[in-house]
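Biologist: Please take one part of this structure, the packing of two helices, and examine it closely. I would then welcome a connected account of the other local features that can be described with it.

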Amino acid sequence: MCGIVGYIGCEQAAPILLEGLKRLEYRGYDSAGISIYQETIQTIKTKGRLADLEEKVNQLGGAMGNMGIGHTRWATHGVPSDINSHPHLSQNGRISLVHNGIIENYMELKKFLIEQGRTFVSDTDSEIAAQLFDYYYQGDMVDALIHMIEKIRGSYAFGIMCRDKPDELVAVRKDSPLLVGIGADGNFIGSDIPALLEYTRDYYLLEDNEIVLLKKNEVTVYNLEKNIIKKEIFHVDWDISSAEKGGYDYFMMKEIMEQPEALRKTLFPRITEDGIQLDGVHFTKEDIDAIGRIHIVACGSAWHASVVGKYVIEELTRIPVEVDLASEFRYRNPILNKGDLCVIVSQSGETADTLAALREAKRQGIRVLAIVNVVGSSIAREADDVIYTWAGPEIAVATTKGYTTQLAVMYLIGLYFSYEKGRISKEQLLQYCKALHEIPQGTEKLLVLDERMSQLAKVYAHSKDVFILGRGIDYAAAMESSLKLKEISYIHSEAYAAGELKHGTISLIEDGTLVIAVATQSHLFEKLLSNIKEVKARGAKVIAIAIEGNKDIETVADEVVYIPETENIFTASYNIIPMQLLSYYIAVERGCDVDKPRNLAKSVTVE
Ligand code: M6R
């Protein structure tokens, strides 16, 4: 989605903005622009890539000045074009504004402004905000911003500068990410931490409608009554390299390789000699006993992790679990009963539908536990309890370490609840903990499949369709495998519960069709074997994923990829690793832009 960077300080602003915007590229964009202040506001914007913007900036002599705002736009209102790109100016050129989000009542506001004699040049909702701010501006930026947001309905992160204020920049957010970076030689705004990490590790995390006034060496935060709010500094230890590619061709591969470490960070502090210890959640035994039903809600891969979570949590706790797509849950008037628990899962913590689902659960008075990666994100802040996944920044659009750490947290919750409810003994708990503790190392072992997956990718890179089969948890894992493949390689792929094949899908199998069979559930193995034979008989090429030591599978599959032995309920963590690698190499083989697949954005902050 759109990205925002702003700077005010002693340095030249343009290089800082362009660098920050580059770090936001992963969010997806179709146009970009900057405004720089020097005596007046100079605005340069263009449809296309950041390299095009950089070229334009250079042609104009580099855009000198120590204050500026920048933006990468992902079109919603109005096609990608120079005019629709941000920053947007007020009609008199006094105000320059960048916006991320959607102004829902923009038609009504536009009508009002037209009545005041204003004219518009773009098709965007954001230009309305620039004009509205200017309409209210009477010499005080904070006052104008308060007036403006009182009139706006929707989601927003705004960065704004004014021609009359050479040393002030204002910003605000609601339901859209924005944070403030506190630097030694200047201050920043940015859509996320990696955008600013090169310049500062100290941040203010903004609550909805907290208004920030940034000066060169001062940052003041106000509430809507214009009272000053004292903010705590949020310090991050991330190394700059954790937000860069670290020698890999793509962030996705770097992040695949980071999984053992991310899993260690997520699991190890929570596995003790005594069992599971969950930081950030405050469930007593009585609370857990009182849970009648768990509703897990998420989008995309986080939803796939939730489906695995359903199998695992139901198996361990016997608490019924419903899994919902956030975009469905928020509008279907879900039946939530007193004592139910809602678990919200999101890597970014900013996905619009997931955030809305959280709010629906809270509106109905249900306790919300969030599983989130981005610290201080909206979902993390609004949930009653948060368990962080500690995967570190995830830049590639296709999630890898985000997903596997979500699985890890599902296991932790399942085991914790199960033991507290008395469904498993201490001995069983410790047995599971041992298996859980082995997952990072098992993952490391699987990463050596790198070379083999790259060879297989060469053979299957030009497949037309790929079907991925599984039963039980293997089916849940197949869904994530299928998404990985299709989102980055653009090969049509579908996950099927293997038992459903005969109800229609098998008619699509023809000579040479690639079928990937996830066959790691010991109690369902025989059944899956029959399904493999059925597709083989119709000419399919089969790659099977099976547990180390299972030789039977070799008699039916063309290729077998082995995963380490583990508890049945933990196999999804291993199954996905070869599939991430295979998808990656197929995408590379097909010349796809692995980190930024077409039409996709990392953080889906609008509906
Ligand atoms: O940040 P979130 O976990 O809420 O994002 C949810 C989905 O948008 C995300 O998982 C998406 O499906 C990815 N492209 C999957 O790789």
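Modeller: The account below begins with the helix pair and then turns to the ligand, a strand residue and two loops. The model is predicted, and local features need pLDDT of at least 70, side-chain atom pairs count only at pLDDT 80 or more, and totals for chains, interfaces and linings use all residues. Residues are numbered from 1 along each chain as its sequence is written, and side-chain values use heavy atoms, with hydrogens and water left out.

Helix 15 spans residues 450–460 and helix 18 residues 571–589; their axes come within 8 Å and cross at roughly 50°. Helices here are DSSP runs of H or I with at least four residues, strands are runs of E with at least two, and both are numbered from the N terminus. The axes are lines fitted to C-alpha atoms, for helices over the stretch in contact, and angles run from 0 to 180 degrees between N-to-C directions. The crossing angle therefore makes helix 15 oblique to helix 18, a class left over once angles under 35 degrees are taken as roughly parallel, over 145 as roughly antiparallel and 65 to 115 as roughly perpendicular. The crossing of helix 15 and helix 18 is right-handed, that is, the near helix is turned clockwise from the far one by less than a right angle. On the side of helix 15, the contact (heavy atoms within 4.5 Å) involves Asp 450, Met 453, Ser 454, Leu 456, Ala 457, Lys 458 and Tyr 460, and helix 18 contributes Pro 578, Leu 581, Leu 582, Tyr 585, Ile 586 and Glu 589.

Around the ligand there are 14 residues, of which Ser 346, Gln 347, Ser 348, Thr 351 and Glu 487 come nearest; a residue is counted if one of its heavy atoms lies within 4 Å. An N or O atom in the side chain of Glu 487 is 2.5 Å from an oxygen atom of the ligand, and for the side chain of Lys 484 the corresponding distance is 3.1 Å. Ser 301 places a backbone N or O atom 3.0 Å from a ligand oxygen atom.

Asp 465 belongs to strand 23 (residues 465–470). Its side chain makes a polar contact of 2.7 Å with the side chain of His 492. Such a contact is a pair of N or O atoms within 3.5 Å; within protein, one must be able to donate a hydrogen and the other to accept it, and residues adjacent in sequence count only if both atoms are side-chain atoms. The side chains of Asp 465 and Lys 464 are likewise joined, at 3.2 Å.

Finally, the loops. Most residues other than glycine have a negative phi, and most peptide bonds are trans. Glu 39, in the loop between strand 2 (31–38) and strand 3 (40–47), has a positive phi of about 70°. A cis peptide bond, with omega about -5°, joins His 86 and Pro 87.
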